[in-house]
4 protein chains.
Amino acid sequence: MSQSEARIALNEFAAKISEEHLGPLWDNLGHMITLKPKHEVIPYLWKWQTIRNYLLEAGPLLALGRESERRVIYLQNPSLLKDGKIGYSTNTLYVGVQLLLPGEVAPSHRHSQAAIRFIIEGDGGAYTTVDGEKTYMERGDLVLTPPWTWHDHGHEGTEPVFWMDGLDVGLVKTLTGSFFEPYHENKYPLSGPPDGSVARYASGVRAISERKRKGYPSPLINYKWSNIKQALEGLERLDPDPYDGYAVDYINPTTGGSADARIGTTMQRLTPGMHTKAHRHVHSAVYHVLEGSGYTVIEGQKFEWEQGDFFVVPPWLWHEHVNTGTGTVHLFSVNDRPVMEILGLEQEEELRDNNGQQEVARTFEPARLSK
Amino acid sequence: MSQSEARIALNEFAAKISEEHLGPLWDNLGHMITLKPKHEVIPYLWKWQTIRNYLLEAGPLLALGRESERRVIYLQNPSLLKDGKIGYSTNTLYVGVQLLLPGEVAPSHRHSQAAIRFIIEGDGGAYTTVDGEKTYMERGDLVLTPPWTWHDHGHEGTEPVFWMDGLDVGLVKTLTGSFFEPYHENKYPLSGPPDGSVARYASGVRAISERKRKGYPSPLINYKWSNIKQALEGLERLDPDPYDGYAVDYINPTTGGSADARIGTTMQRLTPGMHTKAHRHVHSAVYHVLEGSGYTVIEGQKFEWEQGDFFVVPPWLWHEHVNTGTGTVHLFSVNDRPVMEILGLEQEEELRDNNGQQEVARTFEPARLSK
Amino acid sequence: MSQSEARIALNEFAAKISEEHLGPLWDNLGHMITLKPKHEVIPYLWKWQTIRNYLLEAGPLLALGRESERRVIYLQNPSLLKDGKIGYSTNTLYVGVQLLLPGEVAPSHRHSQAAIRFIIEGDGGAYTTVDGEKTYMERGDLVLTPPWTWHDHGHEGTEPVFWMDGLDVGLVKTLTGSFFEPYHENKYPLSGPPDGSVARYASGVRAISERKRKGYPSPLINYKWSNIKQALEGLERLDPDPYDGYAVDYINPTTGGSADARIGTTMQRLTPGMHTKAHRHVHSAVYHVLEGSGYTVIEGQKFEWEQGDFFVVPPWLWHEHVNTGTGTVHLFSVNDRPVMEILGLEQEEELRDNNGQQEVARTFEPARLSK
Amino acid sequence: MSQSEARIALNEFAAKISEEHLGPLWDNLGHMITLKPKHEVIPYLWKWQTIRNYLLEAGPLLALGRESERRVIYLQNPSLLKDGKIGYSTNTLYVGVQLLLPGEVAPSHRHSQAAIRFIIEGDGGAYTTVDGEKTYMERGDLVLTPPWTWHDHGHEGTEPVFWMDGLDVGLVKTLTGSFFEPYHENKYPLSGPPDGSVARYASGVRAISERKRKGYPSPLINYKWSNIKQALEGLERLDPDPYDGYAVDYINPTTGGSADARIGTTMQRLTPGMHTKAHRHVHSAVYHVLEGSGYTVIEGQKFEWEQGDFFVVPPWLWHEHVNTGTGTVHLFSVNDRPVMEILGLEQEEELRDNNGQQEVARTFEPARLSK
């Protein structure tokens, strides 16, 4: 049999076995097991003013209650729209922005998805309750509501409060592990004073009542911005990370690992003029600009951002950050690095050419979805 | 504004923000976060004789080498064909059957996907080499080739050898973590005598040279059927598991956890007449019938099997097993339970009605794919 | 044989086998395995002024160098003097007070014993270097020099500096694990800026450069008093521990466990008038009074203390603490709890009688050793 | 002040502060922190026939019951007799030999000390019950009774049974952690069939009922000699360990670590003529000769042994083993290596001179204790 005859025979064979729901690996190996990560997730950027204005518009339209549960507008990565109206920000992560008006309550529920909140705007009157511990939310705070913990949000202040929600909706959907339960009342009963966990865990120590505590969920539920900011100031005494500037991960004080078991959370500080080197990694991330202005180059495309904006860094794409302003830049991000690491799938590569920085081929312009 | 006016306004609002790639959570929360696991994976069954015959037909058609890498026919779950010709057995798992003919070599490579081999047919002349350790493959053996270990297969015997391959192709694809590398020669150099790891790890002890060894990959690469069979005989002195009969997990002797870090591997023994109770769990599994005959009821559908057959138990579907033959049944299966457990997503529920057993509504018949 | 004859026969038997270095367990079981912990360690107290004055006297007498290594006066528990002049504070712990004069260097060495330093007096000009990281020592700071790390002490200031040394000399001696090595120069070379580890680990976060760091030795080597004090202030919002008041353990930020792997370190705050309940535990402790005045009742004996004093709480003795002053009391202590816990030997019991407080039978007076 | 004057002044100073129970570290540092491990434990050897004969003599003299608890003759290291009649085999370990006569019961109790049993002689009718699981004891079996588990021994056979007891009496005494409790009846109630744990844990697998089991105590309580022997046969295919021959550690199947958390247990096989190289380590060991004859050189002294004998290898002494017989030698030993490792104190050194073997300076002769 000649080579071309064999090829034809194999094609016929492939067609035949496909009728029995069988496939020939030799034809498809390269699609299943790729040399490098392949995916369809695209980088994207959303403007804060757009999101904020829409949310304020939605405010009077949507009453909070069991029918709505939450007043959130979420970031829909255009590349992940295949399932109709359900979408996320990356293959694993969902990010939305939530608005709570004075006096409102977003009722108590729990779910198997991990969730974090990062406070964008507010006068400190809003709070989250996690399994009975109440914590007030101030701009820059990171609040955890770990998987299957009861949580509700309320607002005792006078101004609208906005925060970022990060959940691993995509991951849990893929792994078919979604469970949800509403609490039978709007508010879960309180136990203990507000922010007890913040008092029990502090720099270098923990209360002796916590001696037996270990593992997840993290016993600390609010990572106050005032502490994090101080940490970043201290870090400036040392060399910055070449790819991420002065950067810290939020950690679970009982393990030293990621604050949330599955969603990684990181804060980066870029000093004026700082331009990092490019690298790429298996994990993906969604960024929120807490302060400052600049741009991020992702796979040769420039994404310009200013305070409040959100953008996506998909898996295994080269990326670097630049502070173009006169002030400090603070970039908060959620990522799926903890999942990649615990499963042994994380890899990282640094760009070697061109002194570690990409050439910018084009600048991102949001593409309006045609109706 | 009346309720219906509000509903109309919200619909218009949803359409408007979708143009900016934003979504209203209140419309889609129930799709993102479901009350119970939802997915599209269907249960399915493939007959051993079909697979075996096709493989023997492919034997002379396909030469082994760098163009083909492996002679494998894989199980294509009909519900997972959306990506064209690439498909798996469940949302996370890939299963295929490999044929190696006397004298052949399936060349050395490595990949980030985890892989296990379960030997179906062979005279013991075939072997796998894992990072330089050679192990001969006999019927019923489980051989590990952990992520990113070099592995090749060869055959010094005289009869065709068939084995089951289990890889976490779907998981790694979803998590965008695929890396692949061919070795620059067909065979990776040997180090040490064959089956050194089998000698170093035995029942209740390990060689003192392994004192520092801990974690993954498992240092034991071949779990001999003769040992496992003996273990199952011992288990018959105790009560069987209500859902799985006499059942064991293959374990990593340095941790007591799953033999492979991501792919769970289990062997079940059903004595004649045994009919287990039904349960369901988040993890999915692909079964291979090593010995015996019977059926499995999956969500009310009866899947009849005999020696050599394969079938899929998708996530969160009720299932129970029955031995209808006169001999012992041995069911080997791969699953993604280690992933679910390490990520905190595993849940299990037992059927309470009808004494824990389902009513059979229909019997599975394979649906030929229309060309 | 009558019972008394048997007893005589057994006594003769015991004498006979003892000649062959064999013993009859039936006679000695109760001595080997006691119903409750038994030991000879007594509680004791040393006055700060005594120690301080002696150290200042020793200052001009003793030149620092390789012959002396360190200018330290250590606490010799009277009950542990059996080995001649070598003694410790408890069965496992050694505590001393070190004096370093301006310009002096206590030369670099390392040993298998764990060591901690707690700074009592100083103007901040003194420093410790641990494996090349320099850290300045201020009153109230806890500095770690973990087992087998190179460490030297220097003094760039103008006033004498005093600090407490805590080592597990007794534990390591019993377990025959002592190793010691002097560095070939007085100072170990510096690497990186001072207090890099303090910058990398802060409240709730760690620098991303530390992502791979895990376990011991703790990467954080100085626990600043300013942070710990703030933590204790936060704790006052919650209920105090019934036995220890407002109390924190110093922790290794990569594990959530004890800062040093073997020596536990704890800081307690007693508010004015606070009188804790009594408990006892297997682990022993040596206390240093950082601030305030009061007393501790140990097994019915009252130990009155004021700022700077040291006292020993032996294993399994009832003890409770009282603040009799008008200011806040801060008690720092080292203990062997981590060893007891990792070996599964820790037990704790609370006093139930008399509302949890002991009756004071007598007051401690130091017994001068007759010459 | 001249150097000699200073020396005199320091001596006077030392005397003065000692009256206040204070010590000068500069005089004693070298005694507290030694360059290499120092201790008083001497190597020693006891003959099996001596022990066995004494036990048979004690048989009729001593009735088993709550007054005697156990009929055991223990090995009294001559160097550890300071506390009067209480003594052990090494600084941490106690070893004795127990005799149980047909029909006897050694009543149920529990203690914080870890204990292992190694069966020397018996017809299989004797058993140990551990927290309600009964296991029959055959020659060569290792049976665990982990800390604080209820255990009793009984004998349904017809011949006297002898076994070795290994407990960490010295360690627990030093760490003041001894607790003991007799059960209120002679026998603890049985639950489940005999040797359930042996059935649940087998080579390479464990029963699925044990999925959640992790850590200590080991769920496996009997390590059957038939399995261990088979493991050693497999090991002979590989190179022997230079210091210990063909050697295995007994492991906890849920962790891969030592079978008992604190007492290490090892079996070594020396083939005829085998002469190992010398090494030394911090941990100490007590050996029992299960089979064969030969000698061990410890710090230049030759200890000749034959079947049944016991000998002590103290910490940090050079030692090597020789099989002088025509048959296989099997040496079982208990050690405190797990404690040293978990506390970070283990060190090992290999002898480099003289091709790794010591010169024999003298041969051990037991010294009769003068009455």
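In this predicted model, R200(D) and E210(D) form a salt bridge, with their closest N and O atoms 4.0 Å apart. R200(D) sits in helix α5 (residues 196–200) of chain D, while E210(D) belongs to the loop between β14 (205–207) and β15 (222–223) of that chain, so the pair ties together parts that are 10 residues apart in sequence. The two partners also differ in their surroundings: R200(D) is partly exposed, with a relative accessible area of 23%, whereas E210(D) counts as buried at 8% relative accessibility.

Let's move on to chain C. Here R52(C) pairs with E121(C) in a salt bridge whose closest N and O atoms are 2.5 Å apart. Helix α3 (residues 48–61) of chain C holds R52(C) and strand β6 (residues 115–121) of chain C holds E121(C), so this contact ties together parts that are 69 residues apart in sequence. As for accessibility, E121(C) is partly exposed, at 25%.

Chain A offers another pair to look at. E350(A) and R352(A) form a salt bridge, and their closest N and O atoms are 3.6 Å apart. E350(A) is partly exposed, with a relative accessible area of 36%, while R352(A) counts as exposed, at 67% relative accessibility.

Why do such pairs arise? Side chains of opposite charge can pair when their charged atoms come close.

Salt bridges can also be followed from one chain to another. A network of them links R206(A), R211(A) and K212(A) with D249(C), R337(C) and E341(C). If you would like to keep exploring, the structure holds 100 salt bridges over all chains.

Technical notes:
Residues are numbered from 1 along each chain as its sequence is written. Chains are lettered from A and ligands numbered from 1 in the order in which they are written. This is a predicted model: local features need pLDDT of at least 70, side-chain atom pairs count only at pLDDT 80 or more; totals for chains, interfaces and linings use all residues. Side-chain values use heavy atoms; hydrogens and water are left out. A salt bridge is a side-chain nitrogen of Lys or Arg within 4 Å of a carboxyl oxygen of Asp or Glu. Buried means under 20% relative accessible area, exposed over 50%, partly exposed in between (1.4 Å probe, protein chains only). Helices (H or I, at least four residues) and strands (E, at least two) are DSSP runs, numbered from the N terminus.
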